Amino acid sequence: MALDAARRFRPDYVLLDLGIPGMTGFEVCTQLRKDPELQALKVIAITGYNQPEYQERAKQVGFDAYYVKPIDPKVLYELFGDTRDIGAR
């Protein structure tokens, strides 16, 4: 489960879809934000939902950023601080 993995590995970033089975991305983010040991974690929504109400709800539950699929890989490189030219790979 994503919550257990985040607690165990303590990543810097979590890329989270909103429409995952079992527990929505909103619910996972809410649980991550309740954990005092994960306060520095950056939670990024990567979703097919482009409606403003989803974006607003994502803000309310604590997502740090919201991107609609398909996401340009260059955006991810910039997000993670890697500004190398990915076209050369």
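Let's start with one residue facing another: I44 stands opposite A65, and A65 is in β3. Keep in mind that this is a predicted model.

Now the strands around that spot. β2 and β3 pair in the parallel sense, over four bridges. Step back to the whole sheet. Three strands make it up, in the order β1-β2-β3. The sheet is open, and the pairing is parallel. Which strands stand at the edges? They are β1, residues 13–16, and β3, residues 65–68. Each has a single partner strand, so one side of each is left without a neighbour in the sheet. From one strand to the next, the twist averages 20°.

What packs on this sheet? Helix α2 does, residues 25–34. Helix α2 touches β1 and β2. Its direction makes about 180° with that of β2.

Stay on β2 for a moment. That strand covers residues 42–47, and T47 is found in it. Is T47 buried or exposed? The relative accessible area of T47 is 0%, so T47 is buried, the cut-off being under 20%. Look at its contacts, leaving aside neighbours within four places in sequence. On one hand there are D17 and L18. On the other there are Y66, Y67, V68 and K69.

Next, the rings. The count comes to four aromatic pairs. I'll take two of them.

Pair one is Y13 with F80. The geometry is edge-to-face, at 4.6 Å centre to centre, with 70° between the planes. Y13 lies in strand β1, and F80 in the segment after α4, which spans 73–79. So the pair ties together parts that are 67 residues apart in sequence. How accessible are the two partners? Y13 is partly exposed, with a relative accessible area of 32%. F80 is partly exposed too, at 37%.

Pair two is F26 with F63. This pair is also edge-to-face: 6.4 Å centre to centre, 90° between the planes. Where do the partners sit? F26 is in helix α2, and F63 is in the loop between α3, residues 52–61, and β3. They are 37 residues apart, and the pair links distant parts of the chain. Both F26 and F63 are buried.

These two rings have company. F26, Y49, Y54 and F63 form one aromatic cluster. There is a charge to note as well. R57 lies over the face of F26, at 4.1 Å from the ring centre.

To recap F26: the residue is in helix α2, belongs to the aromatic cluster, and has R57 over its face.

Conventions
Residues are numbered from 1 along each chain as its sequence is written. This is a predicted model: local features need pLDDT of at least 70, side-chain atom pairs count only at pLDDT 80 or more; totals for chains, interfaces and linings use all residues. Side-chain values use heavy atoms; hydrogens and water are left out. Helices (H or I, at least four residues) and strands (E, at least two) are DSSP runs, numbered from the N terminus. Buried means under 20% relative accessible area, exposed over 50%, partly exposed in between (1.4 Å probe, protein chains only). Contact means heavy atoms within 4.5 Å. Two strands pair if DSSP finds at least two bridges between them. Axes are lines fitted to C-alpha atoms, for helices over the stretch in contact, and angles run from 0 to 180 degrees between N-to-C directions. Rings of Phe, Tyr and Trp (its six-membered ring) pair if their centres lie within 6.5 Å; planes under 30 degrees apart count as stacked, over 60 as edge-to-face and the rest as tilted. A charge sits over a ring if NZ of Lys or CZ of Arg is within 6 Å of the ring centre and within 35 degrees of the ring normal.
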